[in-house]
Amino acid sequence: MNVLVSACLMGFGCRYDGGVRRLSCLDALGERHVLIPVCPEVMGGLPTPRSPAERVGERVRNCEGADVTAAFFAGASAALELAQREGCRCALLKERSPSCGSSVIYDGSFTGKRIPGEGVTAELLRCSGIAVFSENQLEELLAWIAAQES
Ligand code: SF4
């Protein structure tokens, strides 16, 4: 099965701070499935590194107060297009990101406060029928795939 995966979890240097962190537990997933990397923020035209941004309602602003909503939504659309082109029916996305977060995001105050919520890409994918999981839900993703394949 083709699985859309946040590119930063796969070790691509697309994080807002330019850092590289690879989730080694993806190796097992990659042995049995095709992992399709996606970084909505880069696809939306944002540079790396970039100022951290947080979502509040339907707007996304960076820590300098600039409204970056258009880039985030453009990236979400591009991510959905990629998922549909590659036939991805599920996605494993980075939690807490204003793009990729699937159940927890920051509250927009840039104080580190977390709230229940979704990033704009996670929301668009989910609303388009793609099952979205976070990196904390690898077991749930594997169970979902197994159920689809049985
Ligand atoms: Fe990772 Fe998603 Fe942020 Fe790109 S937009 S760096 S894939 S969390």
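This passage describes the largest pocket, a pair of strands and one helix residue in a predicted model.

The largest pocket encloses about 570 Å³ of space. Its lining is made up of 27 residues, and those closest to the pocket centre are Arg-15, Tyr-16, Arg-96, Ser-97 and Pro-98. Two of the secondary-structure elements that take part in the lining are helix 2 (40–43) and strand 3 (53–56), each of which supplies at least two residues. Sorted by class, the lining of the largest pocket comprises 15 nonpolar residues, eight charged residues and four polar residues.

Strand 5 (residues 90–93) runs parallel to strand 8, and the two are paired over four bridges. Within this pairing, Cys-90 lies opposite Ala-131 of strand 8. The side chains of strand 8 (residues 131–134) alternate in direction: Ala-131 and Phe-133 point one way, whereas Val-132 and Ser-134 point the other way. Residues on both faces of strand 8 are buried, Ala-131 and Phe-133 as well as Val-132 and Ser-134.

Thr-69 belongs to helix 3, which spans residues 69–85. The relative accessibility of Thr-69 is 6%, so this residue counts as buried, the cut-off being under 20%. Apart from neighbours within four places in sequence, the residues in contact with Thr-69 are Glu-58, Arg-59 and Val-60. With Val-60 there is also a polar contact, in which the side chain of Thr-69 reaches the backbone nitrogen of Val-60 at 2.9 Å.

Definitions and conventions:
Residues are numbered from 1 along each chain as its sequence is written. This is a predicted model: local features need pLDDT of at least 70, side-chain atom pairs count only at pLDDT 80 or more; totals for chains, interfaces and linings use all residues. Side-chain values use heavy atoms; hydrogens and water are left out. On a 1 Å grid over the protein atoms alone, a cavity is a set of points where a 1.4 Å probe fits but cannot get out, and a pocket is an open set with protein on both sides within 12 Å along at least five of seven lines; lining residues have an atom within 4 Å of a point. Grid points are joined across faces, edges and corners, and a volume is the space filled by probe spheres set on the points. Ala, Val, Leu, Ile, Met, Phe, Trp, Tyr, Cys and Pro count as nonpolar, Asp, Glu, Lys and Arg as charged, and the others, Gly among them, as polar. Buried means under 20% relative accessible area, exposed over 50%, partly exposed in between (1.4 Å probe, protein chains only). Two strands pair if DSSP finds at least two bridges between them. A polar contact is a pair of N or O atoms within 3.5 Å; within protein, one must be able to donate a hydrogen and the other to accept it, and residues adjacent in sequence count only if both atoms are side-chain atoms. Contact means heavy atoms within 4.5 Å.
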